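Subject: Structure handover and findings

Dear colleague,

Please find the structure below, handed over for your consideration. A written account of what was found in it comes directly after.

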Amino acid sequence: MGSIVAWCMLEYPSVRVPKILKISSLIGLLALLAYSIDDLALRGNTIAAVLLTSVLLAGTDNWLPHWPGVRLVEKVGDWSYSLYLVHWPLLAFAQIAFLGLVPQHVNIGIVGAALILSCFQYQTVEQRFRSAPGQQQGRFIVALFVSTLAIVVLSLPPVVAAIAPHSATSVDFEHLRRMNVGFDWRCTTGDTTELSEKCSDSVHPKVAVWGDSYAMHLVPGLRQNRETQGSLVQITLSTCNPIKGLTGIHAGIDVARTCVDFNAQALDYIVSSDSIESVILSSPFGYFYGGYSQFWYEGKAIGRDTELATSVLIDTIRIIQRAGKRVVIVSPLPSADFNVGECLEREATGAILFGRKNCAIDVKAHQERMMPVIQALKKVQDETGIKIVWLPDLLCDNVICRTALDGVPLYRDQGHLSYSGSEALLRNLPIF
């Protein structure tokens with residue numbers, strides 16, 4: 001779009017854009033900072049921002065008064081390319097250092113540092129390369145070569161450490177933190193034709209595990225649990241809650257339809273199965289209680305309705321119960337606002353933990369984040385009489401929630417069990 005505006009200005013240099021249109025575009029841009037057009041970051045808001053900015057850039061008229069604030073914005077505009085190059089590494093490294101949740105005062109410091117560094121880079125790099133006389137170009141080439149070589153040399157130690165063979169006693173965290181898909185990756189796609197061959201350990205399974213990735217991560221432990229081993233079938237689809245006819249809209253209507261269709265097939269498979277006696281449901285359930293602003297229900301998009309979500313979950317459970325099958329819900333793990341799996345890896349390898357002393361989860365913060373889900377599941381339990389396995393009860397006291405058990409790291413990321421964590425937590429857990 002910027003190229004089109006530049007071409008138009010070269011072809012029609014005298015074009016003028018009405019002042020009222022430019023002021024309206026500026027107001028629209030400011031409004032986008034506070035209001036979102038839709039839930040997809042690279043769709044509505046991005047398109048609107050590009051179009052409104054194009055209106056501001058078009059034309060030759062000086063439509064803004066030369067106030068000090070305007071001149072400051074112009075100056076920052078001079079630094080904008082350097083700011084573009086500088087700010088993202090600072091934000092990325094902060095996210096990595098603080099395991100995802102960067103303190104507000106650190107973010108404010110990053111803004112200041114980015115402005116200072118972009119000003120410095122603009123003066124010492126951009127301007128010098130732009131205006132360097134021919135006889136100095138050789139010096140700049142040498143300096144560029146030396147600085148590039150320095151970056152390569154400084155990066156060698158961590159690269160060598162990463163590819164070096166691990167000792168027999170060291171933990172392979174790349175393997176430990178691999179995605180926990182349960183039986184097989186093909187069980188994550190919602191293809192029900194794979195159920196008997198790849199997603200089950202029995203020709204006549206007695207226990208169905210139905211849900212999304214929060215159901216997948218239970219399977220390794222359930223395969224070793226004496227109540228469920230040798231009798232499981234995994235019926236899962238990523239980011240698809242186990243509820244009949246209702247889902248959150250998070251990646252477009254087609255994805256929502258796919259989830260609803262998958263759940264219809266899953267429920268039909270469970271109800272019509274002669275061998276399945278018990279059904280284990282699991283999901284974060286936060287989709288419905290704060291995660292998504294829109295639902296897909298009965299073939300159309302609707303606004304978030306938490307009462308409807310609870311009611312439909314109850315109806316789904318009753319359908320399974322009327323088919324003569326037992327239902328158990330396994331709750332999500334204690335929720336964290338940082339990457340627990342990464343934290344556990346750093347703690348085990350002696351790396352620095354920024355902003356925290358250990359990888360435990362604050363129990364009060366977890367309860368505040370999960371309270372809508374906890375209240376909804378308790379209502380479901382009261383209405384249907386099902387058993388709920390509360391995983392936080394296994395890990396939390398009055399102060400913290402543990403993230404490792406007998407030396408075994410439980411989490412692979414912010415909220416999912418690793419394979420070994422699932423086995424350690426669920427191997428001896430009473431399910432029914």
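The paragraphs below treat pockets, a cavity, salt bridges, backbone angles and surface residues in turn.

Please note at the outset that this is a predicted model.

Pockets

The largest pocket encloses about 460 Å³ of space. Its lining is made up of 17 residues, and those closest to the centre are Leu56, Trp63, Leu64, Val70 and Glu74. Three helices, α2 (19-34), α3 (44-57) and α4 (68-78), each contribute at least two residues to this lining. The largest share comes from α4, which provides four residues. By class, the lining of the largest pocket consists of nine nonpolar, five polar and three charged residues.

The second largest pocket has a volume of about 400 Å³. Here 18 residues form the lining, with Tyr214, Pro284, Gly286, Ser335 and Met370 nearest the centre. At least two lining residues come from each of α9 (213-216), α12 (287-291) and α15 (363-384), and α15 gives the most, with three residues. The lining of the second largest pocket divides into 10 nonpolar, seven polar and one charged residues.

Cavities

Two cavities of 30 Å³ or more were counted. The second largest cavity holds about 40 Å³ of space. Its lining comprises Ser331, Pro332, His366, Met370, Val373, Ile374, Leu377, Trp390 and Pro392. Helix α15 again gives the most to a lining, in this case five residues. Seven of the residues lining the second largest cavity are nonpolar and two are polar, with no charged residue among them. Met370 appears both in this cavity lining and among the residues nearest the centre of the second largest pocket.

Salt bridges

Side chains of opposite charge can pair when their charged atoms come close. A search of the whole structure gives nine salt bridges, including the three described here.

Arginine 177 takes part in a salt bridge with glutamate 342, in which the closest N and O atoms are 2.9 Å apart. Because arginine 177 is in the loop between α8 (173-176) and β1 (207-211) while glutamate 342 is in helix α14 (residues 340-349), this pair ties together parts that are 165 residues apart in sequence. Arginine 177 counts as buried, at 18% relative accessibility, whereas glutamate 342 counts as partly exposed at 23%.

Arginine 177 also meets glutamate 345 in a salt bridge, with an N to O distance of 2.9 Å. Glutamate 345 lies in helix α14 and arginine 177 in the loop between α8 and β1, so this pair links parts that are 168 residues apart in sequence. Glutamate 345 is partly exposed, with a relative accessibility of 24%. Arg177, Glu342, Glu345 and Arg346 are linked in a network of salt bridges.

A further salt bridge joins glutamate 307 to lysine 379, with the closest N and O atoms 3.3 Å apart. Glutamate 307 belongs to helix α13 (residues 306-322) and lysine 379 to helix α15, so the pair ties together parts that are 72 residues apart in sequence. Glutamate 307 counts as exposed at 51% relative accessibility, and lysine 379 as partly exposed at 38%.

Backbone angles

Most residues other than glycine have a negative phi. Which value does phi take at threonine 239? Phi of this residue is near 55 degrees, a positive value in a residue other than glycine. Threonine 239 is found in the loop between β2 (232-236) and β3 (246-248) and is partly exposed, with a relative accessible area of 34%.

Phenylalanine 285 also has a positive phi, near 60 degrees. Phenylalanine 285 is placed in the loop between β4 (278-282) and α12. Is this residue buried or exposed? At 1% relative accessibility, phenylalanine 285 counts as buried.

Surface residues

A nonpolar patch on the surface is formed by Val142, Phe145, Val146, Leu149, Val152, Val153, Leu156 and Val160, with about 720 Å² of accessible area together. Leucine 149, one of these residues, lies in helix α7 (residues 137-163) and counts as partly exposed at 45% relative accessibility.

Valine 111 is located in helix α6 (residues 104-131). At 49% relative accessibility, valine 111 counts as partly exposed. Valine 111 and leucine 90 are 21 residues apart in sequence, and their C-alpha atoms are 9.0 Å apart in space.

Yours sincerely

Technical notes
Residues numbered from 1 in each chain as written. Predicted model: local features only at pLDDT ≥ 70, side-chain atom pairs only at ≥ 80, totals over all residues. Heavy atoms only, no water. Patch = residues over 30% accessible without salt bridge, like charges linked within 9 Å, V, L, I, M, F, W, Y side chains within 5 Å. Areas by Shrake-Rupley, 256 points an atom, 1.4 Å probe, with all protein chains shown as cover. Salt bridge = Lys/Arg side-chain N within 4 Å of Asp/Glu carboxyl O. Buried < 20%, exposed > 50% of the residue type's maximum accessible area, 1.4 Å probe, protein only. 1 Å grid on protein atoms, 1.4 Å probe; cavity = no way out; pocket = protein on both sides within 12 Å on 5 of 7 lines; lining within 4 Å. Points joined across faces, edges and corners; volume = space filled by probe spheres on them. Nonpolar A, V, L, I, M, F, W, Y, C, P; charged D, E, K, R; others polar.
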